[in-house]
Amino acid sequence: MSSKNAADRCAVPESADTLETVPQHTVEEILKKVDKEARARKPKGAARWITYGIGVGWSVFQVYTAAFGLLPAQLQRSVHLAFAFALTYLLFPFRSSKASDKIEWHTWLFAAFATFVGLYMTINYMRIMEAGGDYSRWDYIIAGCGILLTLEAARRVVGLPIVCLAAFFVLYAYFGKYFPGFMAHRGYSLERIASHLYLTTEGIMGIPLGVCATFIYLFILFGSFREKTGLGQLFIDISNAIAGWASGGPAKMAIVTSALEGTVSGSSVANTVESGSLTIPMMKRLGYRAEFAAAVEASSSTGGQIMPPIMGAAAFIMAEFLNVPYLDIAKAAAIPACLYFFGVFMEVHFEAKRCNLRGLSKEELPRFGDVMRERGHLFIPLFAIILFLAMGFTPLYAALMGLATCIVGSALKKSTRLSIRDILDAFELGARNAIGVAIACATAGIIIGVITLTGLGLKLANGLVDLANGNLLLTLFFTMITSLVLGMGAPTTANYIITSTIAAPALILLKVHPLAAHMFVFYFGIVADITPPVALAAYAGASLAQANPLKTGVVSTKLAIGAFLTPFIFVYNPSMLLIDTTWFGLIQTLITSCIGMTVIGASMIGFFLTHMAWWERGVFFITGLMLVDPNPTTDIIGLLLVGGIVLYQKSKQLREKKATGK
């Protein structure tokens with residue numbers, strides 16, 4: 001590609017008076033289009049205070065049990081599900097197209113019935129535990145209602161694809177003898193299916209909902225307190241001070257902000273819209289193409305879910321599935337997450353150099369020292385969580401201490417101090433934000449329940465290995481496609497639960513380290529948010545930037561190339577996950593991987609010291625792969641190739657300068 005054609009792909013900078021921020025009402029409209037959870041009613045009058053009280057009550061219940069002792073698993077999960085049912089059926093109408101803020105009388109009755117079904121285990125706990133499988137007719141009826149209510153709640157809050165998938169698994173449990181080949185089984189009665197999925201801890205009340213009813217809820221609540229204290233704005237100001245002055249500063253600021261946001265938030269779409277309403281207009285103003293600006297925000301916000309120490313909700317479930325401390329998951333994710341953000345950062349840098357984009361002026365930027373003096377104390381809760389996790393405390397206790405220090409730390413200055421009403425509002429906001437995760441976990445529990453009932457997990461794992469003829473690379477490829485397809489219709493948490501139950505066992509059968517196998521499906525469940533054709537985070541960013549959604553998704557995929565490459569690498573070489581590695585090996589991996597991601601980023605953009613021809617980009621990409629793979633042989637070859645490439649690019653740059661007379 002010639003320099004002229006490459007330069008044509010750069011946008012014209014907009015005036016400083018345009019697109020400073022996206023209006024709040026536009027942000028809300030975009031969220032409603034791409035995120036079902038944003039379509040909740042906003043009732044008024046008495047209905048508002050009743051739903052407000054239910055939300056506050058849910059948060060109080062979660063904090064109380066975390067502080068003074070969790071209830072037995074069935075009781076904790078039953079009450080949790082009852083709260084989720086109540087708010088789902090009150091706030092999310094049957095038809096979102098005919099949504100009204102008014103809650104009709106029959107909606108109250110239906111929500112009350114759903115709450116009763118959710119509490120059924122709590123009300124009849126001792127009798128059901130002593131029944132030993134000898135359930136009454138009413139038990140079976142309520143269990144059936146519980147399954148149907150879970151599916152309907154998922155349709156309203158999460159989306160139709162996961163409902164269809166869960167319904168298929170229920171039908172599979174009943175009609176098993178009619179399925180072909182290895183999928184066939186003897187079939188189970190409706191009573192057996194209903195009781196297994198609702199009256200035991202193998203289905204809806206299983207591990208996913210259990211983790212949501214403990215760790216996940218408190219971290220979601222911590223995120224709502226973060227919003228109330230202004231920690232999110234602090235992230236933006238810190239990012240501005242750190243990277244805003246550099247070439248293409250607003251884009252780099254978006255990356256730093258999203259990395260910081262990723263420590264406390266697990267929603268790629270929400271992160272894209274919240275921080276993108278500020279960063280995307282700034283990027284466009286400095287000359288980034290609309291699609292590129294939207295893609296930077298989408299890919300950065302999506303990466304937040306893999307950023308330790310507080311990753312997406314699925315990471316907590318991974319710790320439970322693998323029966324390892326959550327800190328081990330966070331440590332294993334550290335290097336791949338850093339490589340991901342470093343790769344995006346370098347691609348943004350090369351795009352800025354290619355288009356000769358400036359950073360923001362000093363007058364437009366906050367001073368780092370001033371920001372830290374004014375609001376630096378808001379970092380105290382985050383440091384507290386990291387400290388308690390590092391000391392070996394459970395994530396539940398760390399989250400509880402994070403909430404406590406959030407309230408205490410914000411009180412150090414009057415400007416950030418939380419009032420009683422602010423605390424109650426944060427409790428209610430946390431409940432609203434937890435609805436989608438709770439329902440997704442409950443619905444995924446249906447799928448897991450059927451898998452445990454029928455033994456389908458091992459059958460599918462063997463089938464996947466047979467399909468790939470025992471070839472690990474092919475098995476990884478099929479697993480990647482499965483995760484991406486599921487991610488088109490299921491949120492990250494549900495996607496991970498399903499793929500870790502179906503696909504991860506296939507990798508483990510081929511001697512892949514269990515942590516690497518689970519991390520593999522976790523990664524591809526996340527990047528589904530920016531992978532076309534259904535790329536919700538990319539589409540949200542495109543709406544803010546007024547860009548083409550499909551092109552934004554394609555550019556997002558290019559920016560997130562690290563998330564597509566590193567999972568394959570850490571499966572073959574688990575040292576990237578800090579498995580069986582040494583300090584020397586760790587340092588070597590960091591240095592060579594960063595060089596590799598720099599080279600890969602240059603190949604994606606088509607610019608290093610100067611514009612690159614197609615064959616240069618190909619050589620760069622292959623060289624980058626060699627360096628990202630933590631292997632001494634490939635590292636040496638890669639470093640030699642990098643040296644040759646740099647010399648060639650330097651000579652090419654000098655020839656271009658001589659030709660242009662600059």
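# Exercises on a predicted helical protein

In this protein, 79% of the contacts with a separation of 6 or more join residues 24 or more positions apart; contact means heavy atoms within 4.5 Å. The structure is a predicted model, in which local features need pLDDT of at least 70, side-chain atom pairs count only at pLDDT 80 or more, and totals for chains, interfaces and linings use all residues. Residues are numbered from 1 along each chain as its sequence is written, and side-chain values use heavy atoms, with hydrogens and water left out.

## Exercise 1: The overall fold

**Task.** State the secondary structure of the protein, and explain why its radius of gyration agrees with that of a compact globule.

**Solution.**

Step 1. Helices (H or I, at least four residues) and strands (E, at least two) are DSSP runs, numbered from the N terminus. The protein has 31 helices and 0 strands.

Step 2. The radius of gyration is taken over C-alpha atoms, and the globule rule is 2.2 Å times the number of residues to the power 0.38. For 662 residues a compact globule would have a value near 26 Å; the protein has 25 Å, so the two agree.

Step 3. Along the principal axes, the C-alpha atoms occupy a box of roughly 90 × 65 × 50 Å.

## Exercise 2: Surface and charge

**Task.** Determine what share of the residues is buried, what supplies the exposed area, and how far apart the mean positions of the charges lie.

**Solution.**

Step 1. Buried means under 20% relative accessible area, exposed over 50%, and partly exposed in between (1.4 Å probe, protein chains only). By this rule, 59% of the 662 residues are buried.

Step 2. Accessible areas come from the Shrake-Rupley method with a 1.4 Å probe, and for residues only the protein chains shown count as cover. The exposed area is about 26,600 Å², of which carbon and sulfur atoms supply 66%.

Step 3. Lys and Arg count as positive and Asp and Glu as negative, while His and the chain ends are not counted. Each charge is placed at NZ of Lys, CZ of Arg, CG of Asp or CD of Glu. The 51 positive and 40 negative charges have mean positions 4 Å apart.

## Exercise 3: Aromatic pairs

**Task.** Classify the ring pair Y64 and F68 and the ring pair Y496 and F522, and describe the setting of each residue.

**Solution.**

Step 1. Rings of Phe, Tyr and Trp (its six-membered ring) pair if their centres lie within 6.5 Å; planes under 30 degrees apart count as stacked, over 60 as edge-to-face and the rest as tilted. The count comes to 35 aromatic pairs.

Step 2. The ring centres of Y64 and F68 are 5.0 Å apart and the planes stand at 40°, so this pair is tilted. Y64 and F68 are separated by about one helical turn because they lie 4 residues apart in helix 3 (residues 45-68). Both Y64 and F68 are exposed.

Step 3. For Y496 and F522, the ring centres are 6.1 Å apart and the planes stand at 85°, so this pair is edge-to-face. Y496 belongs to helix 23 (residues 492-502) and F522 to helix 25 (residues 514-527), so the pair ties together parts that are 26 residues apart in sequence. Y496 is buried, at 1% relative accessible area, and F522 is buried, also at 1%.

Step 4. One aromatic cluster is formed by W58, F61, F83 and Y217.

## Exercise 4: Three threonines

**Task.** For T65, T150 and T592, list the contacts beyond four places in sequence, and decide whether each residue is buried or exposed.

**Solution.**

Step 1. T65 lies in helix 3. With a relative accessible area of 3%, T65 is buried; T65 touches L70, L71 and Q76.

Step 2. T150 is part of helix 7 (residues 137-157). T150 is buried, with a relative accessible area of 0%, and is in contact with F85, I204, I439, A442, T443 and I446.

Step 3. T592 sits in helix 29 (residues 583-605). Its relative accessible area of 6% makes T592 buried, and T592 touches L627, V628 and D635.

## Exercise 5: Positive phi in loops

**Task.** Locate N469 and D580, and give their phi values.

**Solution.**

Step 1. N469, a residue other than glycine, has a positive phi near 55°. N469 lies in the loop between helix 21 (456-467) and helix 22 (472-487), and is exposed, with a relative accessible area of 72%.

Step 2. D580, a residue other than glycine, has a positive phi near 55°. D580 lies in the loop between helix 28 (561-572) and helix 29, and is exposed, with a relative accessible area of 80%.
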